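The following paragraphs walk through a structure, from individual residues to its core and surface. Please keep the sequence and coordinates at hand while reading.

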Amino acid sequence: MFQIIFKSMLATSLRDKITLFYSLAFPLVLMMGLGFYFNEDSQQLQIVAGVTAISTIFWGMQGIAFQVHEQRNRGVYKLLKLTPMPLIAFISIMVLARTFIGVLINLIVWLIGIFVFQIDVTAGAFISGFCLLIIGSLCFTSIGFVISNLARNEAQISVISNFIQFPMIFMSEAFYNLKNAPEWVVFIGKVLPFEYYVKGLRGFMLGESGLLLTVFGVPIIYLILALLISILTFKFEMNSEGKTIRHRKVTS
């Protein structure tokens, strides 16, 4: 059962051409354009980290939200009721499958940026960055699963995703410094996991090793919370009026 669900999720993920474009092609074009315009080493390093993080959040959040919504509408999850598989295991498998591809995409973007702008990254920094890519992908994919449960249609998925994504991106220091920003902007940015994810990617490329606790800890906290909310809000199907039907009993 694990292999069937995992392979099915991989196959449907690879057919998601729109999300693939915004997670791979668009970040690469953005990185090249910004990188060659801002040609200072510190700026290029910040751009590589910021664009890699954007690739992660686009693939993780919107991609799985639309994918789960489509499968739910087709009645795919009705079959889950006939199996003894715990709900947490099912959600975890789907998140892992989507994360597997997401990490590969993010790694491609990150490595291309390191190679093109000739950023010197040590073996230890690379390993730390790769681990952070995995944690970040798991975190934002789990949040995307929550979005798919809360939204009743594709329009709501777009609205909710943008409502979460844009504050994460623009209230972080992915591409600019927030020293002169209002305090409430800085506060919100520090509450959200994207800021720590970007800071970690940038810090590891700079060789900073004192970031492990926060840059891994905050995304992991959001990952756990998102998985718990995903279980509590999971819906198996749509009723005749187009409203989602919730699972009344959570299996653990």
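Leu30 counts as partly exposed, because its relative accessibility is 26% and the buried class ends under 20%. The model in which this value was computed is a predicted one. Leu30 belongs to helix 2, which spans 17–37. Once residues up to four places away in sequence are set aside, Leu30 touches Val51 and Ile54. Val51 is 21 residues from Leu30 along the sequence, while the C-alpha atoms of the two are 7.4 Å apart.

A second position, Ala155, sits in helix 6. Ala155 counts as exposed, because its relative accessibility is 52% and the exposed class begins over 50%. The pair formed by Ala155 and Leu34 is 121 residues apart along the chain, with 31 Å between the C-alpha atoms.

Gln118 is found in the loop that runs between helix 4 and helix 5. With 72% relative accessibility, this residue counts as exposed. The backbone at Gln118 has a phi near 55°, which is positive although the residue is not a glycine.

Next come three buried positions in three helices. Asn106 is part of helix 4, the run 87–116. Its relative accessibility is 0%, so Asn106 counts as buried. What does Asn106 contact, neighbours within four places in sequence left aside? The partners are Thr52, Ser55, Thr56, Leu133 and Ser137.

Ala65 is placed in helix 3, which covers 41–73. Ala65 is buried, as its relative accessible area is 0%. Outside the window of four places in sequence, Ala65 is in contact with Gly144, Ile147, Ser148 and Ile157. Another reference point is Ile164: Ala65 and Ile164 are 99 residues apart in sequence, and their C-alpha atoms are 13 Å apart.

Gly200 lies in helix 8, the run 193–206. For Gly200 too the relative accessible area is 0%, so this glycine is buried. Its contacts, with neighbours within four places in sequence left out, are Leu132 and Val215. Gly200 and Leu211 are eleven residues apart in sequence, and 6.5 Å separates their C-alpha atoms.

These local descriptions can be set against the nonpolar interior. The largest nonpolar core has 69 residues, and Phe140 and Phe194 are the ones with the most contacts inside it. Two or more residues of this core come from each of helix 1 (2–14), helix 2 (17–37), helix 3 (41–73), helix 4 (87–116), helix 5 (123–150), helix 6 (154–170), helix 8 (193–206) and helix 9 (212–233). Helix 3 supplies the largest share, 14 residues.

Which residues surround Phe140 when its neighbours within four places in sequence are left aside? Phe140 is in contact with Thr56, Ile57, Gly60, Met61, Met168, Pro193, Phe194 and Tyr197. Phe194, one of these partners, is the other residue named for the most contacts inside the core. Thr56 also appears among the contacts of Asn106.

Nonpolar side chains are found at the surface as well. A nonpolar surface patch of about 520 Å² is made by Ile220, Ile221, Ile224, Leu225, Leu228 and Ile229. Of these residues, Ile220 can be followed further: Ile220 lies in helix 9, a helix that also gives residues to the largest nonpolar core. Ile220 is partly exposed, because its relative accessible area is 33%, and patch residues need over 30%.

The last topic is the cysteines. How many disulfides does the structure hold? The number is zero. Cys131 illustrates the reason: the closest cysteine sulfur, in Cys139, is 16 Å from its own, which is too far for a bond. A disulfide requires sulfur atoms within 2.5 Å. Seen from the other side, the closest cysteine sulfur to that of Cys139 is in Cys131, at 16 Å, again too far for a bond. Cys131 counts as partly exposed, at 34% relative accessibility, whereas Cys139 counts as buried, at 0%.

Terms used: Residues numbered from 1 in each chain as written. Predicted model: local features only at pLDDT ≥ 70, side-chain atom pairs only at ≥ 80, totals over all residues. Heavy atoms only, no water. Core = buried A, V, L, I, M, F, W, Y, C linked by side-chain atoms within 4.5 Å. Buried < 20%, exposed > 50% of the residue type's maximum accessible area, 1.4 Å probe, protein only. Helix = DSSP H or I, 4+ residues; strand = E, 2+ residues; numbered from the N terminus. Contact = heavy atoms within 4.5 Å. Patch = residues over 30% accessible without salt bridge, like charges linked within 9 Å, V, L, I, M, F, W, Y side chains within 5 Å. Areas by Shrake-Rupley, 256 points an atom, 1.4 Å probe, with all protein chains shown as cover. Salt bridge = Lys/Arg side-chain N within 4 Å of Asp/Glu carboxyl O.
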